[in-house]
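Work through the exercises below with the coordinates loaded. Each task is followed by a stepwise solution.

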Amino acid sequence: RILIRRIFSSVTNQNIATETKENTLLTTLITTPSSQTTMSSTTTTPITTGVSHVGLTVSKYEKSIAFFESIGFKQVGGDKSYPSTFLSDGSVMITLWKTQTDTPEEFDRKTNVGLHHLALKVPSLEALQKAYDTATAVEGVVSEFAPQAIAGMPLHHAMVYDPSGIRIEFTFHA
């Protein structure tokens, strides 16, 4: 709201005293489809369409499952061979992955508490390939694997590490 007040003040040179104008601007910003948003000439149209899911590596696996269930998430899947549980509230999915050590050290997605990966959703197989190609062209990005189907699921994905080593997945939900 402070930023919105500054925007209004700089545009109108007036002190905005009512919440009505702020709320109107907030509503417009939130409800305007991204395709209608004006972008600067140096900005390109986003390739991704949002967050697909968040995968978290946890050291207290059962307690973390209980925590998410306590706030309304339901178990929707998992993998017992690499202990994981997939939970959803109907809007977002969280995947919890059990660490394979009781003494986490330097970050490793299979042994530490923290971000397992960030998954970014794309609207098509073509966009999946484009996201992968665009990302891997950036200096310092490392490919884990190119776009591929996920066996037994209506999904295709690709995995890369950003220049800082953060694991990023691009997903297409067929």
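The exercises cover a helix, a salt bridge and a buried threonine.

The model is predicted: local features need pLDDT of at least 70, side-chain atom pairs count only at pLDDT 80 or more, and totals for chains, interfaces and linings use all residues. Residues are numbered from 1 along each chain as its sequence is written, and side-chain values use heavy atoms, with hydrogens and water left out.

**Exercise 1.** Compare the expected span of helix α4 with the distance between its end C-alpha atoms.

Step 1. Helices are DSSP runs of H or I with at least four residues, strands runs of E with at least two, both numbered from the N terminus. Helix α4 holds 12 residues, 125-136.
Step 2. The expected span is 1.5 Å times one less than the number of residues, which gives 16 Å for α4.
Step 3. The end C-alpha atoms of α4 are 17 Å apart, in agreement.

**Exercise 2.** Find the salt bridge (side-chain nitrogen of Lys or Arg within 4 Å of a carboxyl oxygen of Asp or Glu).

Step 1. Searching the whole structure yields one.
Step 2. Its partners are Arg167 and Glu144, with closest N and O atoms 2.7 Å apart.
Step 3. Arg167 belongs to strand β8 and Glu144 to strand β6, so the bridge ties together parts 23 residues apart in sequence.

**Exercise 3.** Is Thr171 buried (under 20% relative accessible area, 1.4 Å probe, protein chains only) or exposed (over 50%; partly exposed lies in between)?

Step 1. Thr171 sits in strand β8.
Step 2. Its relative accessibility is 3%, so Thr171 counts as buried.
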